[in-house]
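User: I am new to this structure and would like a close look at a single part of it. Could you take me through the way one of the chains meets its partners, in one connected account?

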Number of protein chains: 4
Amino acid sequence: MSDQYTPRPQDKFSFGLWTVCNRGRDPFGDVVRPRLDPVDAVKMLAEVGAWGVNLHDNDLVPIDATPSERDKIVRDFQQACDANGIVVPMATVNLFYDAAFRDGAFTANDPDVRAYALQKTMRAMDLGAELGARIFVLWGGREGTETDACRRADIAIKRLRDAIDFLCEYSIDRKYGFRFALEAKPNEPRGDIYMATTAAYLGLIPTLAHPVMVGVNPEVAHEHMAGLNFTHAIAQAWEAGKLFHIDLNDQVPGRYDQDFRFGAANPRAAFFIVKFLEDVGYDGSRHFDAHAYRTEDYCGVEDFARGCMRTYLILKERAARWNTDAEIQALVQEAGHTKMQYSAPAREALLNRNFDRIALASKELAYERLDQLTTEVILGVR
Amino acid sequence: MSDQYTPRPQDKFSFGLWTVCNRGRDPFGDVVRPRLDPVDAVKMLAEVGAWGVNLHDNDLVPIDATPSERDKIVRDFQQACDANGIVVPMATVNLFYDAAFRDGAFTANDPDVRAYALQKTMRAMDLGAELGARIFVLWGGREGTETDACRRADIAIKRLRDAIDFLCEYSIDRKYGFRFALEAKPNEPRGDIYMATTAAYLGLIPTLAHPVMVGVNPEVAHEHMAGLNFTHAIAQAWEAGKLFHIDLNDQVPGRYDQDFRFGAANPRAAFFIVKFLEDVGYDGSRHFDAHAYRTEDYCGVEDFARGCMRTYLILKERAARWNTDAEIQALVQEAGHTKMQYSAPAREALLNRNFDRIALASKELAYERLDQLTTEVILGVR
Amino acid sequence: MSDQYTPRPQDKFSFGLWTVCNRGRDPFGDVVRPRLDPVDAVKMLAEVGAWGVNLHDNDLVPIDATPSERDKIVRDFQQACDANGIVVPMATVNLFYDAAFRDGAFTANDPDVRAYALQKTMRAMDLGAELGARIFVLWGGREGTETDACRRADIAIKRLRDAIDFLCEYSIDRKYGFRFALEAKPNEPRGDIYMATTAAYLGLIPTLAHPVMVGVNPEVAHEHMAGLNFTHAIAQAWEAGKLFHIDLNDQVPGRYDQDFRFGAANPRAAFFIVKFLEDVGYDGSRHFDAHAYRTEDYCGVEDFARGCMRTYLILKERAARWNTDAEIQALVQEAGHTKMQYSAPAREALLNRNFDRIALASKELAYERLDQLTTEVILGVR
Amino acid sequence: MSDQYTPRPQDKFSFGLWTVCNRGRDPFGDVVRPRLDPVDAVKMLAEVGAWGVNLHDNDLVPIDATPSERDKIVRDFQQACDANGIVVPMATVNLFYDAAFRDGAFTANDPDVRAYALQKTMRAMDLGAELGARIFVLWGGREGTETDACRRADIAIKRLRDAIDFLCEYSIDRKYGFRFALEAKPNEPRGDIYMATTAAYLGLIPTLAHPVMVGVNPEVAHEHMAGLNFTHAIAQAWEAGKLFHIDLNDQVPGRYDQDFRFGAANPRAAFFIVKFLEDVGYDGSRHFDAHAYRTEDYCGVEDFARGCMRTYLILKERAARWNTDAEIQALVQEAGHTKMQYSAPAREALLNRNFDRIALASKELAYERLDQLTTEVILGVR
């Protein structure tokens, strides 16, 4: 039953292989769903209307697979993607599951671990390139500490920079054409993770050897965990030309990483996110990095996946309605930005200008009305 | 009664004029302390052993003072500083108290407000320069939103950049020699403040017209409010050469802006902060941006100020002890960073190397022991 | 222009006098709105369609008013209420603004402060009774600490209990017929406030001398500040027969007390709150304890007040729709509770029963589908 | 090498079997430590100086063990305890790991799951009684929701009450003499857990059929996750006579469940906890519910266990020092509580008393000084 909220390929909805294959294990409980083969996951994604699938190396290829096992797995997967019309826009590397990375990967104190992390990433890049991915995400889940006694945090940053520089060279060398998207998170699984926010990576990128190749992959839950405004985070990334990818999901602030269905924790926050992406013309993947509740079987996983996309499309329609609502538009006072260019005359004019503070404080802003109308657009009563 | 924890000028301890003059007003209660004249505040700071005093324009000069009133106030204050051996290392501007700024200052939708904010800042720079300050802090307390319906966040960033560029020109033009230190905060008094974290400014600075002139002023409480690791935040700023100033205080995560005495909420977090600053050789002000509990009279304000400095010095001594504790040093495995330079041979060597994951996962790290020893250094039992 | 979301008296919408009279002062900024006389506030409330007004003693009567001033003020206010058809369902006492309460009121270390707090409350009860209020709220905004060195927390609880017991006696004695509603908050303005959550008062009440007279007044923002589920909090209060009053507003978790318009931070959380109140048949006031953004003038204050009520009514309609949505109802599996009565045969039957864990883990729950349908009811697309 | 901080049996330090046997698995990573047999865990606990070991049923007996396997395991464990002089003061039941409990145990919508949860708990009580435990902890890790659409929260509370009532009867019936200690947590692994705080259970207990048998088991991390003051939580429990057990560990507010070594996140908060327990004469277990970092091998697990106890004893010594520090004691103004008994004369006297608000606001409290001295006691410089 198709309607205006049915996903289409041009919506560019993608899911991580790890999201629909998530088996429901958590710190206090065992798996609740049987293993889902990547080939079957691709079929499921096609069935629910997704456009793309993304993956960590080990989502597809077990860490101890032989080269021939690896090749067969990749071939079968590629065929499943082709057969189902699913693309692989992004690839990434798992540098957090194996015990070897318990003290970090690129930032670990052990140089052998750092070298192994690089090698594993290079191979994951080979895999991603083979599958056609053009975005390569780096999430350093173990790059952090429980005690800052273990290393100086500035040393960790230097190590991280070196690794990224090295990997950029590898991409150039191999002509992979990757754009790297760095993903931040404040904590979990480490007590504190270095590069806690998307903004931390925006600060790091200009210090890299190949800053043009590197952007960010902000995740809703990772900013919301720290109680930060996600729309503001992606606005800064976008304005800096660095919004290479995005991870959509949901999360209540100040909690463990919940990875809920997009819009499931706070549809208002989700509305502003969708509105921003659509208003500025973001044309990358709308990637969902979330998973079904642990209460669900695979029917529930499909419900979860459908719900992510459907809520996005509902909110996209609401954002368009907001943009054409006459009462709302009459209240929106923003007049863009008009740069005040510095010069001696401009300086003197400004210093000599008399401002009426009372008048400045008296112009009606009507933000309560504007926000209430926005709420009513979101709730569908106008 | 002087001891090893008595502050000396070379410790570079400074306080905001607003901190010791804070009268205890809060959202639910009235002032509890009478007004303290800036001249008396300087005397108090000298008495407790501080080195410097910092100020917003309106901490010293009322917003509606006439030029001649202003000049007399500044002259008296300057004399009090000289008489008491107190310097003014930093100045800043109040762009948050007056109702004119209720929708922001540099990012407000009203261009007149933005212009007024620039003018007010230029005059505050004049004042700071007159008093000898070389650091100028910008904290955009009202640059934010309660509803993101009011403006697009990327527009706000453009406005902010323009303002900073303009002010850099003014400093150059006037030969003030200011280095600007940008101060982030996630929320309060606005629902969300743009540039929520120190890292957001580290991302903004490279996009400015005069990036070399601009750094950051991280505040403990502002990062802790968002539950972020402050030591990691200043490490990134330091590593980027941008730690121009620092605001020391304390705060329990996930709460209103508490501005407690340094070390009063979590002495362990304070230890790692002090240790980082001392280890890397930070030589700027150790500025305290905090205030006495509302339960206190001015004796309590002095206790508060003394306590900030004393706790810093106790923790500094502990950091030195940690650095020379043989058992601890034997556990510290960090070996700096050795850059792996990319080249075809390096690539091949790395790709062909065999890593033993089990062995990598088996090296003893002993971080529990290291952290327990650190705890015992902090608690003074070793 | 009246529609289905226009408030009516039977909706029992009330506002605190302090909410519409809020002048926009905050920790970093001055007032932005002129003083609104209580008489004018009553008119405004009538105009926007409210049913009741609630007040602290000093919202109406200045703390230093003479008896005759007090009587005139009260008479004028009563007349305004009568003239505008506004009732006063609840009264409360301000034990937080004056500097005398800087260390607490009922829990202060100074016995004179404790006595004064009791006297002030008795007089506020006199006032409330005179105005016809039947609910008396107690919020101990200053009952807490910045340092737990100042008193043992169990002593504070004893002092609090004594005060409540005393005030119950006073109500009985005066035949006021008050039911006390205790309001919790985790922090702000104190570093930590005793009785941090609604549940803390549910634990205290059974230990009082007159537990039947005492219930709770949960506030959305106060539970959300601590990241707690407000619907769960009121469910426990309701189930215990203790939901005497409620404070509706909104708040992002882990922040300063934002007191936003109801539904303005998270309409989904607001939906579950409204649904619970309506489903169980709560028939007390729907009281709004919030205030307009600081960007607003008094037109904005009216927008704010209208918005609170309108959003409640929209969500109430959505809750009714949810209750009659066939697809949703088919998914709701809850079968009430059937008490398993203990007995020797019941025990033996239970111990001997064989449970099939696999089967128990396999029943479809379809909570993702249920929640997505709920989201779509909230967003108005079904 | 024994010193004043070496644990002794009279310190009543106990550890969960699950804590030292924790293998380091987390949501993003695999196990890092091999399985530790319970018998070996008991030896390790004896070696590090613990007094007791506590356990969930399935920490010791696999969920699918046959009766004869179960009996052998229990016998071996009992012998190991006897041989090593380790007692089993507390037992509990695992109602969260198995997929059968994915929607809750006592509060699940499926009556068969509720019945199975009861049966499993009865058998865990049999086991606990056999091992000599007198405290039985109930932590409902799965009693909660991701979406409140799934059931009404008040129904969940009724189900929970029924289960506890049933289990009390079973304990009475079997003459086990158990005291039940209910353990709260706000979230994780469920989106929201019912009975989010210790106080929620203090509110529930008076509504039970056997309130005298039931108390609470507060856990530091569970209150700190919600940013609540743990000392205040245990003070209320203690004052109500309900502090039956305690779970000591550490946690940064607003994060995933970190279960750090006691005192490892905030030694100041830990100081006030220890001081309270020692000051009031709490004589139950000092139970540690934490685990070693994932970076550690079993040497690190021993370091972790030793560190928990050692930090407790250091802080206990500091609390004693605080109690005898003359300067501190001179500042402590608390004079206990003197109940003001209600009567007509008392009422009149109070109503007629004239209070000098200025004088009340002027008494010196010196809490900054008091807190700084407390900090210095904690840091060991006085």
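Analyst: What follows is a walk around chain B, taking its contact with chain A, then its contact with chain C, and ending with the nonpolar cores.

The model is a predicted one, and every value below was computed from it. Chain B can be superposed on chain A by a rotation of 180 degrees with 0.0 Å of shift along its axis, the RMSD being 0.0 Å. The two copies are therefore related as by a two-fold rotation axis. To find that axis in the view, look for B:Gly203, whose C-alpha is the one in chain B nearest the axis, at 1.9 Å.

The contact between these two chains draws 96 residues from chain B and 96 residues from chain A, and about 8,500 Å² is buried between them, with carbon and sulfur atoms giving 58% of that area. On the side of chain B, the residues that lose the most area to chain A are B:Glu239, B:Tyr342 and B:Arg357, which together make up 9% of what that side buries. Of the interface residues of chain B, 100% are also interface residues in chain A, so the copies meet through the same surface. Charged and polar groups take part here as well: 18 salt bridges are counted between chain B and chain A, and 44 residue pairs, both at pLDDT 80 or more, are in polar contact across this interface. A salt bridge to look for joins the side chains of B:Lys158 and A:Glu239, with 3.0 Å from N to O.

Turning to the other partner, chain C is superposed on chain B by a rotation of 180 degrees, with 0.0 Å of shift along the axis and an RMSD of 0.0 Å. In this contact 35 residues of chain C meet 35 residues of chain B, and the area buried between the two chains is about 3,200 Å², 53% of it on carbon and sulfur atoms. On the side of chain C, the three residues C:Phe28, C:Arg255 and C:Tyr256 supply 23% of the area buried against chain B, more than any other three residues. Here too the copies meet through the same surface, because 100% of the interface residues of chain C are also interface residues in chain B.

Four salt bridges are found across the interface of chain C and chain B, and a salt bridge between the side chains of B:Arg142 and C:Asp26 has an N to O distance of 2.8 Å. There are also 23 residue pairs in polar contact between these chains, counting pairs with both residues at pLDDT 80 or more. The side of chain C that touches chain B is made up of 13 nonpolar, seven polar and 15 charged residues.

Finally, the largest nonpolar core has 252 residues, and those touching the most other members are A:Phe77, A:Phe180, B:Phe77 and B:Phe180. Leaving aside residues up to four places away in sequence, B:Phe77 touches B:Leu17, B:Pro38, B:Val39, B:Val42, B:Val53, B:Leu55, B:Leu60, B:Val88 and B:Leu131. A second, separate core of 251 residues includes C:Ala156, C:Ile246, C:Tyr298 and D:Leu204.

Definitions and conventions: Residues are numbered from 1 along each chain as its sequence is written. Chains are lettered from A and ligands numbered from 1 in the order in which they are written. This is a predicted model: local features need pLDDT of at least 70, side-chain atom pairs count only at pLDDT 80 or more; totals for chains, interfaces and linings use all residues. Side-chain values use heavy atoms; hydrogens and water are left out. Contact means heavy atoms within 4.5 Å. Buried area is the accessible area (1.4 Å probe) that two parts lose on being put together, summed over both. A polar contact is a pair of N or O atoms within 3.5 Å; within protein, one must be able to donate a hydrogen and the other to accept it, and residues adjacent in sequence count only if both atoms are side-chain atoms. Ala, Val, Leu, Ile, Met, Phe, Trp, Tyr, Cys and Pro count as nonpolar, Asp, Glu, Lys and Arg as charged, and the others, Gly among them, as polar. A nonpolar core is a set of buried Ala, Val, Leu, Ile, Met, Phe, Trp, Tyr and Cys residues joined through side-chain atoms within 4.5 Å. Buried means under 20% relative accessible area, exposed over 50%, partly exposed in between (1.4 Å probe, protein chains only). Copies are superposed by least squares on the C-alpha atoms of residues with pLDDT of at least 70 in both.
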